[in-house]
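Trainee: I would like to learn how to read an interface and a sheet from a set of coordinates. Where should we start?

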There are 2 protein chains.
Amino acid sequence: MKRREFLKTATTGVTAAAAMTIAAPAIAQSDPVIKWRCVSSFPKSLDVLYGCAEVMAKSVAEATDNKFQIQSFAAGEVVPALQAFDAASNNTVEMAHSAAYYYVGKNPAFAFGTHVPFGLNTRQQNSWMYQGEGKTLLDPFFQKYSIFALPGGNTGAQMGGWFRKEINTIEDLKGLKFRISGLGGNILAKLGAVPQQVGGGDIYPSLERGTIDGAEFNGPYDDEKLGLYKVAPFYYYPGWWDGTSLLHFFINLDQWKKLPKHYQAALTAAAALSNVDCMARYDAVNPPALRRLLGLGVKLRPFPTEVIDASYKTATALYDEVSATNADFKTFYESMRRFQADSAPWYQASEYSYDTVALRQIRR
Amino acid sequence: MKRREFLKTATTGVTAAAAMTIAAPAIAQSDPVIKWRCVSSFPKSLDVLYGCAEVMAKSVAEATDNKFQIQSFAAGEVVPALQAFDAASNNTVEMAHSAAYYYVGKNPAFAFGTHVPFGLNTRQQNSWMYQGEGKTLLDPFFQKYSIFALPGGNTGAQMGGWFRKEINTIEDLKGLKFRISGLGGNILAKLGAVPQQVGGGDIYPSLERGTIDGAEFNGPYDDEKLGLYKVAPFYYYPGWWDGTSLLHFFINLDQWKKLPKHYQAALTAAAALSNVDCMARYDAVNPPALRRLLGLGVKLRPFPTEVIDASYKTATALYDEVSATNADFKTFYESMRRFQADSAPWYQASEYSYDTVALRQIRR
């Protein structure tokens with residue numbers, strides 16, 4: 001529109017030099033050069049997780065003819081890994097790439113942005129966040145922190161982690177020093193384990209020295225890099241505390257509002273591309289990594305039903321407990337549980353049933 | 001760059017009027033107004049499927065400040081549903097939204113763009129197409145038809161369709177007139193059924209009159225609209241011939257190449273947004289639709305293992321048969337099977353294992 005006014009003005013007798021001074025800022029405003037910083041909670045060595053920010057930034061730059069440039073920074077380059085959300089919230093940087101559940105210390109309700117133990121699976125979490133109540137409920141929640149959030153990446157259901165000894169009964173959890181964070185750690189603590197907070201780079205030496213007895217991290221591709229199989233050969237599944245793990249781009253709300261509408265649209269679509277691309281990458285790199293690990297003697301084990309059932313019961317009790325004093329948590333939890341219960345018959349008849357059939361034939 | 005040259009020129013003494021005539025086309029070229037038509041294979045009544053084209057077009061228009069406008073047309077408005085691919089291929093329109101496996105008549109290898117019976121599931125198909133050999137193999141295949149393709153939507157694993165009588169053994173398939181198209185129809189034919197091609201609107205009257213004995217369509221949300229439950233109350237699962245159903249945007253290759261790079265980027269990201277959004281929508285609308293159908297007395301039934309196993313065996317024989325004379329099919333089939341076999345242990349330990357755990361707890 002402004003360009004048309006420019007052309008019109010220029011051809012109706014105003015001196016061209018005057019038209020120039022009008023035109024230049026008009027052009028600058030419609031496609032301004034904007035440079036943002038996006039701080040990731042992940043190091044470059046976790047290339048799929050860190051890569052989400054780069055995939056997003058590349059798409060935004062390309063779609064805006066390099067006018068909107070977002071530079072990605074790995075964990076620690078600008079702020080520490082777990083301060084990424086705060087950095088965007090307080091406008092230290094314009095945006096962050098992180099997992100909402102890293103911030104349960106602010107409010108346990110953050111967990112629902114990513115996953116709560118025994119909560120939605122990957123497809124359900126996407127549905128709840130793109131088309132269900134998840135978006136409706138979480139948008140105003142994040143706004144309280146001056147954040148506009150877009151889903152942007154997923155690991156899928158993770159593995160249950162590495163153990164030095166087999167876990168056969170609930171008794172085997174008692175006193176077990178296990179590296180795990182978030183609500184999963186709270187649940188294991190109620191079952192007698194001792195959750196430990198250990199940074200990624202310290203997991204291997206801690207396991208080797210026996211400071212911890214086990215550790216969960218992610219899936220085969222990322223776990224392989226840490227080398228945990230050398231000191232803790234029992235690899236359990238599933239990671240019921242990470243049945244999905246949806247990541248987000250957390251954007252400072254004022255910065256978001258100041259963006260031209262078409263830059264907002266480019267960023268929204270780029271985040272979705274990053275979301276589907278991240279899951280596609282993990283599903284391409286995890287299978288060969290698991291095969292390599294099994295080739296190195298890793299012992300794959302399902303968690304015993306007794307452990308799963310006790311964990312579920314404990315999780316439900318914990319959610320009721322938190323819901324009693326936290327209105328956000330209660331609202332999100334009830335919505336999530338409703339969605340999950342509603343979804344179950346459909347999911348079981350379709351995806352789960354098809355997977356059952358396909359996996360059975362492949363095993364034969 | 002051109003804008004900067006413009007400003008520089010204008011301030012270095014060339015008459016401003018002359019600068020104008022240089023500047024205007026330079027602006028027009030970098031952000032040209034482009035109007036495309038996208039023909040869908042779906043009617044507007046299938047709002048989620050048809051909606052994929054609209055979600056894509058809205059994102060593209062918004063990201064380009066309404067410079068790149070794509071108008072969607074429902075099946076039949078410009079060309080019939082199953083001529084969508086051809087219309088883009090021969091440049092009647094610039095692009096189409098359709099399913100590759102509708103075009104197995106040209107070459108059975110088209111099926112791998114969408115799904116082959118007992119093939120990849122939804123996450124695996126995305127992974128194969130975004131990050132695996134699927135993209136590498138299918139890009140040059142589609143190029144032979146002057147097409148550049150982008151994934152854009154999915155139904156997830158579909159249901160196995162509606163039957164007037166129960167299917168308990170392979171014998172129950174003999175002579176069964178079943179509405180189904182594609183390779184699934186070929187497989188059922190080898191097992192004694194009589195596949196029927198019936199348009200969406202004719203399924204109900206055909207079932208009511210007894211011209212056909214059963215029909216598959218999609219999932220609960222779309223199936224409900226056809227009202228098939230009134231005349232064929234047995235609703236089987238899973239639809240092993242549609243274990244996933246990836247849709248594509250098929251873009252005329254010359255038109256794609258003529259697009260400015262940033263319009264290509266906006267369209268690429270918009271297609272990904274449409275892809276994730278479509279699956280999210282189906283996962284939001286199918287669960288309540290299935291609940292409504294069950295409330296109306298629909299009888300949900302799993303296909304008997306005997307039928308599944310015989311179908312799988314027949315499918316494998318069919319693929320070997322087609323592979324013997326079709327090099328494209330053979331290449332795609334071998335790549336897909338390798339990916340599926342590789343993926344199975346990872347998928348079983350992670351997503352499938354988590355779903356098993358979560359569904360078990362919800363059922364209790």
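Mentor: We will take the contact between the chains, then the domains, then a sheet. Keep in mind that this is a predicted model.

Trainee: How is the size of the contact between chain A and chain B given, and how many residues does each chain bring?

Mentor: The size of an interface is often given as the accessible area lost when the parts come together. Here about 7,500 Å² is buried between chain A and chain B, and carbon and sulfur atoms give 66% of that area. Chain A brings 86 residues to the contact, and chain B brings 87. On the side of chain A, A:Trp346, A:Tyr352 and A:Tyr354 supply 11% of the area buried against chain B, more than any other three residues.

Trainee: What about charges and polar pairs between chain A and chain B?

Mentor: Eight salt bridges are counted between the two chains. One to look up is B:Asp309 with A:Arg360, whose side chains meet at 2.5 Å, N to O. Across this interface, 28 residue pairs are in polar contact, both partners being at pLDDT 80 or more.

Trainee: Which element gives the largest share of the side of chain A that touches chain B?

Mentor: Helix 14 of chain A does, with 25 residues. By residue class, that side of chain A has 45 nonpolar, 23 polar and 18 charged residues.

Trainee: Now inside chain A. Where are the domains?

Mentor: Each domain is made of two segments: domain 1 takes 31-157 and 244-284, while domain 2 takes 161-242 and 286-325. Their centres, taken over C-alpha atoms, are 26 Å apart.

Trainee: What is the area buried between domain 1 and domain 2 of chain A?

Mentor: The buried area is about 1,600 Å², with 61% from carbon and sulfur atoms. A:Pro117, A:Phe118 and A:Tyr282 supply 43% of what domain 1 buries against domain 2, more than any other three residues. Between these domains one salt bridge is counted, and ten residue pairs are in polar contact, both at pLDDT 80 or more. Helix 3 and helix 12 of chain A are the elements that give two or more residues to the side of domain 1 that touches domain 2.

Trainee: Last, the sheet. What is the strand order in chain A?

Mentor: Read across the open sheet of six strands, the order is 7-6-8-5-9-11, with mixed pairing. Strand 7 (194-196) and strand 11 (299-302) are the edges, each pairing on one side only. Strand 6 (177-179) runs parallel to strand 8 (214-215), joined by two bridges. To find the register, note that A:Arg179 stands opposite A:Ala215 in strand 8.

Terms used. Residues numbered from 1 in each chain as written. Chains lettered and ligands numbered in written order. Predicted model: local features only at pLDDT ≥ 70, side-chain atom pairs only at ≥ 80, totals over all residues. Heavy atoms only, no water. Pairing = 2+ DSSP bridges. Helix = DSSP H or I, 4+ residues; strand = E, 2+ residues; numbered from the N terminus. Contact = heavy atoms within 4.5 Å. Buried area = accessible area lost by both parts, 1.4 Å probe. Salt bridge = Lys/Arg side-chain N within 4 Å of Asp/Glu carboxyl O. Polar contact = N/O pair within 3.5 Å; in protein donor to acceptor, adjacent residues only side chain to side chain. Nonpolar A, V, L, I, M, F, W, Y, C, P; charged D, E, K, R; others polar. Domains from an automatic or database assignment.
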